[in-house]
Amino acid sequence: MTDDPDHIWKAIQDQLRQAVPADMYDIWLAPLRALELDGDLLVVQAPRELRSWVADRFGRVLQASAAAVLGPEVTVDVRAGSAASRPRRTAAEARGQDLTTPEPHGLNPKYTFDQFVIGDSNRLAHAAALAVAELPGQAYNPLFVYGPPGVGKTHLLHSIGNYVLAYGAGLTVRYTTVETFTNQFLAALQRGDMDSFKGRYRHSDVLLIDDIQFLASKAKTEEEFFHTFNALHDMGSQLVLTCDRLPRDLNALEDRLRERFEAGLVSAIAAPDVSTRLAVLRKRAQHDDIALRDAAVLPLLADRVPENVRALEGALIRVVAFASLTGRELTSDLAAEVLDELYPLQRGPSGPTVEAIQDATAEAFGLTRDELLSSSRAARLTWPRQVAMYLSREHTGETLPAIAARFGGRNHTTVMHACRRTAERLAVDPDAVAIVRRLTERLTAARSLRHD
């Protein structure tokens, strides 16, 4: 590999750690080494005795993690190294256990409440998770957290577990995914060792189950999980589950399970808003010691990558890796260049421009365009300016820094503040709602005329 290969491989490892449970990473993926990056081919070395298993079992996650850092065109080739490159004997091996058996708790120590960024989209779920961690089995049982992929559900699960391990006075914790639960259940059936399987899960004070939606259409596993759930709940153990939808929308599950999920607290996590996304990026940049001389880089990323936290952090890693590989300075122009492929601006050809919005707003408030864009903070100018910024954010594909530049070279934080203040006023002021509605209708009508 060229241009700081250690940094590139570290970025890929970070992606892998997020994609698989910690025990799987430590056993199968930690021994991997990046040999070279030849054009779009990334050559990865695995210990000879692990190579086939790693390539077959983890080929997709390796490809996805490398693509998140180096771009979708990269191809990963897993090659065998010498037998001597195998890592030291794991704790599981020392106990004579199957390598696929996770460590007692399966938690990632990196995911804690301190590292979780709180915003309007996740505030209730965070508060509920913290309450459960402080009083397992007493606050909300079960706690059911649902939301789209990549918004922090798994982070909260691990945060609960790590908190209980640290402050729970010896309470036992186990984290697992439904996929792992299913695989271990089927393996136990084949071995005729169900007692060991039941002991593993039914003697936990806190059981954390990720991706419960994958339990659907697995009749035998669902039956076993139902009994495990009942056994733990009857003993007062805490259960926390995550899902990508509400319990009532799990149509393929039996009613008795859906009813138990709904018996506790059901809390949603939504996609993060722009201010939360910016806070996530700042924390990640600080954690990874990423030096940013251009203050517009993170706001640009926060504005262009709206889906989820995982995609957001992946975009940051990719931009940093691109700068490192090309030897270019990490600027907002470079970030925009990297993001254009994956997150192009969604700007329709007939949509209103920022300038058109400025003109319409100035006319509606009886101002000149120069007054609207001036540096004056007079009350008669501040509200119209905030409305124009809000409409620009809502009706154009421009980024926050781009909108700020068109309002007299202001800072992107000014646009964020204007959007927030406008939204707050719209929630309580009917006159403000009427003004924004009239302007929106005018802009829509002008767009229709252009179509005609």
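**Note on the sheet and a helix pair**

1. Strand β2, residues 41-46, runs parallel to β3, and six bridges join the two. One pairing can be checked by residue: Val-43 has Asp-77 of β3 as its bridge partner. Please keep in mind that this is a predicted model.

2. The two strands belong to an open sheet of three strands, ordered β1-β2-β3, in which the pairing is mixed. At the edges are β1 (33-38) and β3 (75-80), each of which pairs on one side only. From one strand to the next, the twist averages 25°.

3. What lies across the sheet strands β1, β2 and β3? Helix α3, made up of residues 51-70, does so, and it runs at about 145° to β3.

4. A separate point concerns two helices further along the chain. Helix α15 (residues 354-364) packs with helix α17 (residues 379-395) at an angle of about 145°. Their axes are 9 Å apart, and the crossing of α15 past α17 is right-handed.

5. Which residues make the contact between these helices? On the α15 side they are Val-354, Ile-357 and Thr-361. On the α17 side they are Pro-384, Val-387, Ala-388, Leu-391, Ser-392 and His-395.

6. As for the character of the α15 contact with α17, six of the residues are nonpolar and three are polar, while no charged residue takes part.

How values were computed: Residues are numbered from 1 along each chain as its sequence is written. This is a predicted model: local features need pLDDT of at least 70, side-chain atom pairs count only at pLDDT 80 or more; totals for chains, interfaces and linings use all residues. Side-chain values use heavy atoms; hydrogens and water are left out. Two strands pair if DSSP finds at least two bridges between them. Helices (H or I, at least four residues) and strands (E, at least two) are DSSP runs, numbered from the N terminus. Axes are lines fitted to C-alpha atoms, for helices over the stretch in contact, and angles run from 0 to 180 degrees between N-to-C directions. Contact means heavy atoms within 4.5 Å. A crossing is left-handed if the near helix is turned anticlockwise from the far one by less than a right angle, and right-handed if clockwise. Ala, Val, Leu, Ile, Met, Phe, Trp, Tyr, Cys and Pro count as nonpolar, Asp, Glu, Lys and Arg as charged, and the others, Gly among them, as polar.
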